[in-house]
Amino acid sequence: MVETLFPNVNWDRMWEATVETLYMSAISVVATFILGAILGLLLFLTSKGNIWENKPVNLVLSAIVNIFRSIPFIILIVLLIPFTKFIIGTMIGENAALPALIIGSAPFYARMVEIGLREIDKGVIEAAKSMGAKTTTIIWKVLLPESMPALVSGITVTAIALVSYTAMAGVIGAGGLGNLAYMEGFQRSRNDVTLMATIVILIIVFIIQFVGDFFTRKLDKR
């Protein structure tokens, strides 16, 4: 039945492309979570009325985040080709997509982290300060735990965006399901290959959304 509906699909190649997409997505999500959380914390802490209030630093960070958030991903990949060649040694393959994936998504997630931190009740932070809590204690014991549902929800949205980014990266040789759909599906007029690659991407997205929603509900104390 499946072979009748998808006669041109090489299932070994489809599985290989799926693993490549999962690899690119997983590495990028972890790196984006770490970098985005750091950037988001810095944006929040250096903003007006907060612990490390520093207008020049906040303006520079905001500018960097806004610039990289605004560049379309496909253009960002092209702009980062020299940087990618320097870091990875090539612009072909799943590893070559990682710099653009991380640089493209970390600023997006940083804004979501900042928004999540701004939703924390100021009274909770002030109470921690009044008890003599150090900045590191406030970050680890107040800010991050209180904003965790928003952080998990944000990384879920970002992870889904990253899956779509891997598909775009695949078109210019990064591998994965995007590359398979374009090179072996579209270029060779094999619509069943493109359709199957799309179905697999949708399954990955649905799983990410389900897992993200599950943990967000578990962490939300309201």
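## A walk through an all-helix chain

Start by selecting residues 122-130, which make up helix α7; K129 and E126 both sit in this helix, three residues apart, or about one turn of the helix. Show their side chains and you'll find a salt bridge between K129 and E126, with the closest N and O atoms 3.7 Å apart. Keep in mind as you click around that this is a predicted model.

While you're there, switch on a surface. K129 is partly exposed, with a relative accessible area of 33%. E126 is partly exposed too, at 43%.

**Zoom out to the whole chain**

Now show everything as a cartoon. You should be able to count ten helices and zero strands. Reading from the N terminus, the order is simply α-α-α-α-α-α-α-α-α-α. If you turn the C-alpha trace along its principal axes, it spans about 70 × 40 × 25 Å.

Colour by burial next: 43% of the 222 residues count as buried. The chain exposes about 12,300 Å², and carbon and sulfur atoms supply 68% of that area. For a look at charge, colour the 17 positive and 15 negative charges; their mean positions lie 10 Å apart.

How do the contacts spread along the sequence? Of those between residues at least 6 apart, 73% join residues at least 24 apart.

**Select 18-212**

This stretch is where UniProt, in an unreviewed entry, places the feature "domain: ABC transmembrane type-1". Residues 18-212 are 85% helix and 0% strand. Put a distance marker on the two end C-alpha atoms of the stretch and it should read 20 Å.

**Select R13, E16 and E184**

The structure holds five salt bridges, and this next stop has a linked set: R13, E16 and E184 form a network of them.

Take R13 and E16 to begin with. Both are in helix α2, residues 11-45, and they are three residues apart, about one turn of the helix. The salt bridge between R13 and E16 has its closest N and O atoms 4.0 Å apart.

Is R13 buried or exposed? R13 has a relative accessible area of 18%, so it counts as buried, the cut-off being under 20%. E16, by contrast, is partly exposed at 42% relative accessibility.

Now swing round to E184. E184 also forms a salt bridge with R13, and here the closest N and O atoms are 3.5 Å apart. Because E184 lies in helix α9 (residues 176-186) and R13 in helix α2, this pair ties together parts that are 171 residues apart in sequence. E184 is partly exposed, with a relative accessible area of 22%.

**Last stop: T216**

Finally, select residues 191-219, which are helix α10, and pick out T216 within that helix. T216 is buried, with a relative accessible area of 16%.

Which residues does T216 touch, leaving aside those up to four places away in sequence? Show P149, V152 and S153 as sticks: those are the contacts of T216.

To wrap up, put two views side by side. In one, keep R13 with its salt-bridge partners E16 and E184. In the other, keep T216 with P149, V152 and S153. R13 is buried at 18%, and T216 is buried at 16%.

Definitions and conventions: Residues numbered from 1 in each chain as written. Predicted model: local features only at pLDDT ≥ 70, side-chain atom pairs only at ≥ 80, totals over all residues. Heavy atoms only, no water. UniProt positions renumbered as here; feature names shortened; annotations may be inferred. Helix = DSSP H or I, 4+ residues; strand = E, 2+ residues; numbered from the N terminus. Buried < 20%, exposed > 50% of the residue type's maximum accessible area, 1.4 Å probe, protein only. Contact = heavy atoms within 4.5 Å. Areas by Shrake-Rupley, 256 points an atom, 1.4 Å probe, with all protein chains shown as cover. Lys, Arg positive; Asp, Glu negative; His and termini not counted. Charge placed at Lys NZ, Arg CZ, Asp CG, Glu CD.
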